[in-house]
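Happy to walk through this one with you. Take a look at the sequence and the model, then follow the questions below.

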Amino acid sequence: MDFLQQVFSGIALGCIYALIALGFVLIYKATETVNFAQGELMMLGAFAGLALVKFAGLPFWIAVLVALVGITAFGALVERLVIRPVLGQPQFTVVMLTIGLGYVVRGLITMVPVIGSETSAFDPPYKGMVWKVGGLILSYEQGTVIAVTIVLCCAFYMLFKHTKVGIGMQAASQNQLAAHYMGIPVKRLNGLVWGLSAGAAGLAGLLLAPFTFVHVNMGYIGLKAFPAAVIGGFGSLPGAVVGGLAIGVVESLSGYYLPEGFKDVAAYVLVLAMLMVKPNGLFGTATRKKV
Amino acid sequence: MRFLLKTDYVQDIALARQPGQRIWYGLLAVALAALPLWAGAYWISQVTLVLIYAVAGLGLMLLAGYTGLASIGHAAFLGVGAYTQAYLVGKGWPFPLALLGAGGLSAAIGVLVGLPALRVKGIYLAIATLAFGFIAEEVFARWESVTGGNGGLQVKAPAIGDWQLRSSESLYYLSLVLCVLVTLCVLNLLRGSTGRAFIAMRDSEVSAQSMGIHLARYKTLAFSLSAGIVGLAGALYAHKLRFVSPEQFGISQSIDLLLLVVVGGLGSVHGAFLGAIFLITMPQLISLAKDYLPAAIAQATGLQAVVFGAVLMGFVMFEPQGLYGRWVKVRTYFEMFPAYRKGLFRRQKSFQKSERLK
């Protein structure tokens with residue numbers, strides 16, 4: 001029973017990783033850049049929700065919606081102002097750029113009065129309620145995380161399979177130049193992708209807030225989503241979800257069964273092992289560059 | 001306008017490309033050698049830190065700037081060097097041997113980490129090094145019998161037999177000598193065939209491979225050399241701070257090192273030094289500027305992060321060649337005056353240089 005309970009809370013945690021990793025993979029597929037500020041976008045989402053409830057006095061659900069819209073717009077804005085000017089530069093450039101962006105965002109948040117440098121609780125109305133299924137205890141927060149992740153994955157699946165925009169994104173991710181020649185507005189789609197992935201990150205932040213509270217360093221959890229994305233194969237959306245769940249479960253189990261300290265590095269050990277055994281991840285494809 | 005008249009092939013690989021450089025570097029050497037005579041204790045301490053960070057920067061520069069491999073966990077190697085040094089010196093080893101041990105162990109771990117990661121490209125290496133960085137930090141914190149755990153470890157003064165280097169001046173000279181040696185080694189490496197293989201890999205792996213460069217071997221070599229040099233810097237760092245603890249070698253230190261090479265100028269040895277100067281002076285400048293800022297901003301803990309982040313973004317977007325690149329542009333302008341063309345240093349866009357395949 002303990003085992004199942006641990007697996008279950010691992011899945012809930014893994015869903016958070018999966019949501020952040022989805023953002024990485026979306027951006028990577030679309031623009032071949034890696035966004036190291038994804039964790040900070042997540043933190044920003046949580047802070048936006050908190051600020052709206054605390055300062056503007058909005059009810060919880062409206063605050064969540066407004067925060068999500070805001071963070072999506074912010075993602076698109078970042079793409080327009082920061083990423084687009086360096087498009088076409090080596091990958092490393094964008095990595096450094098997003099690391100810088102993460103620093104700036106984190107620093108600016110500490111300057112926000114009252115909540116900036118505090119650890120605050122951001123409790124949803126369903127805080128503390130639990131389901132009891134057999135001997136398993138399942139909190140509403142965990143249930144929400146899992147449900148939201150499933151819904152979001154279905155939404156992304158529909159978007160990429162059945163809408164014109166999604167198919168355009170797929171085309172652009174396969175070959176930007178060719179997509180551009182076919183009349184697909186690649187730049188605008190990139191903006192949209194950044195918006196979507198920031199939105200997913202913001203959602204992850206709002207979902208994570210009841211577990212870890214809202215504080216300026218919560219974005220560091222984003223660094224654990226990298227292993228998730230790598231394990232799934234960096235360019236695969238289902239891979240990101242599977243990778244996230246795998247990391248979550250492994251972390252939860254190693255926290256329970258292994259000595260202290262293993263929980264924090266489980267994700268990283270797993271990713272190093274993965275790179276040794278199957279460098280392209282579970283769902284990635286091995287490719288060679290043609291000249 | 002200035003012309004460099006080359007009459008000999010040796011001139012192409014000479015360390016001093018222009019005759020004036022000998023004089024300037026000679027003057028710099030004299031000034032640095034005489035520093036304790038004319039500068040106070042504060043400045044000696046700061047310059048020592050600059051020298052140590054310059055060595056670490058050279059290590060990362062070799063990897064990120066010359067071989068084109070990004071590492072987001074290099075502070076771990078700094079930590080390996082620092083802890084090895086602290087442990088061996090604590091056991092009573094003479095200083096030079098401990099230094100060799102620190103550099104050697106760091107390089108060996110570099111090989112271990114590099115081997116699996118180097119089979120894959122680009123971003124995977126960055127993530128593998130990131131993962132390694134976190135694991136190393138955890139090991140520093142948990143392996144208490146060697147590292148002292150979270151409580152940290154005191155570092156004895158460097159000593160050979162009974163001769164101890166306790167004063168800050170002696171540590172300064174130690175850093176200076178090591179820094180000069182490492183710089184000369186790196187310069188020498190870069191003008192030889194190994195260094196040119198590194199640069200060829202950076203510019204295009206496919207063409208480097210078709211010219212007969214064994215990618216995996218040279219990448220591993222670059223990675224372990226880089227780790228070794230950073231390990232040496234870590235050894236000095238341990239002596240400078242006289243105390244090592246795990247949080248000194250976390251992700252923010254790694255990012256500081258990356259900041260150093262990017263701001264200094266990727267792909268230039270000068271850049272490592274300019275970046276080190278930047279990294280050491282910037283916090284001081286920020287604390288000076290605090291007096292003129294409104295209290296809400298000046299008191300915020302994240303002020304330094306904002307400035308560092310903004311500077312990093314600014315350099316990446318507007319001056320990707322870093323401080324050294326800016327200097328080269330200014331110099332070229334005057335050297336070519338009045339024939340300087342505006343587009344001389346324009347960056348090429350590389351939409352088609354995809355890492356993914358068609």
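Q: Where in chain A does Phe213(A) lie?
A: In this predicted model, Phe213(A) comes in a stretch of chain A flanked by two helices, α8 (186-212) and α9 (225-231). Its place is the loop between α8 and α9.

Q: What is the phi of Phe213(A)?
A: Most residues other than glycine have a negative phi. Phe213(A) is not a glycine, yet its phi is positive. The value is about 70 degrees.

Q: Is Phe213(A) buried, partly exposed or exposed?
A: A residue counts as buried with 20 or more other C-beta atoms within 10 Å, and as exposed with 12 or fewer. Phe213(A) has 16 such atoms within 10 Å, so it is partly exposed.

Q: Which residue of chain B, in the loop between α12 (215-241) and β4 (243-244), has a positive phi?
A: The loop between α12 and β4 of chain B holds a residue other than glycine whose phi is near 60 degrees. This residue is partly exposed, because 13 other C-beta atoms lie within 10 Å. It is Arg242(B).

Q: Which peptide bond is cis, with omega near 0 degrees?
A: Most peptide bonds are trans. In the segment after α17 (322-336) of chain B we find Pro338(B). The bond leading to Pro338(B) has omega near 0 degrees, and it runs from Phe337(B) to Pro338(B).

Q: How do α5(A) and α6(A) lie relative to each other: roughly parallel or roughly perpendicular?
A: Helix α5 (residues 140-162) and helix α6 (residues 164-174) of chain A pack with their axes 5 Å apart, at an angle of about 80 degrees. Among the residues that meet are Leu159(A) and Phe160(A) in α5(A), and Val165(A) and Met169(A) in α6(A). Angles of 65 to 115 degrees count as roughly perpendicular. The two helices α5(A) and α6(A) are therefore roughly perpendicular.

Q: How far apart are the end C-alpha atoms of helix α7 of chain B?
A: Helix α7 (residues 123-142) of chain B has 20 residues, and at 1.5 Å a residue they should span 28 Å. Of those 20 residues, 16 are buried, so α7(B) is largely enclosed by the rest of the structure. The distance between its end C-alpha atoms agrees with the expected span, at 29 Å.

Q: Which helix gives the most to the largest nonpolar core?
A: The largest nonpolar core has 199 residues, and those with the most contacts inside it include Ala46(A) and Val55(B). One helix of chain A gives 16 residues to this core: α1 (residues 2-31).

Notes. Residues numbered from 1 in each chain as written. Chains lettered and ligands numbered in written order. Predicted model: local features only at pLDDT ≥ 70, side-chain atom pairs only at ≥ 80, totals over all residues. Helix = DSSP H or I, 4+ residues; strand = E, 2+ residues; numbered from the N terminus. Expected span 1.5 Å × (residues − 1). Core = buried A, V, L, I, M, F, W, Y, C linked by C-beta atoms within 7 Å. Axes fitted to C-alpha atoms, helices over the stretch in contact; angles between N-to-C directions. Parallel < 35°, antiparallel > 145°, perpendicular 65-115°, else oblique. Contact = placed C-beta atoms within 7 Å.
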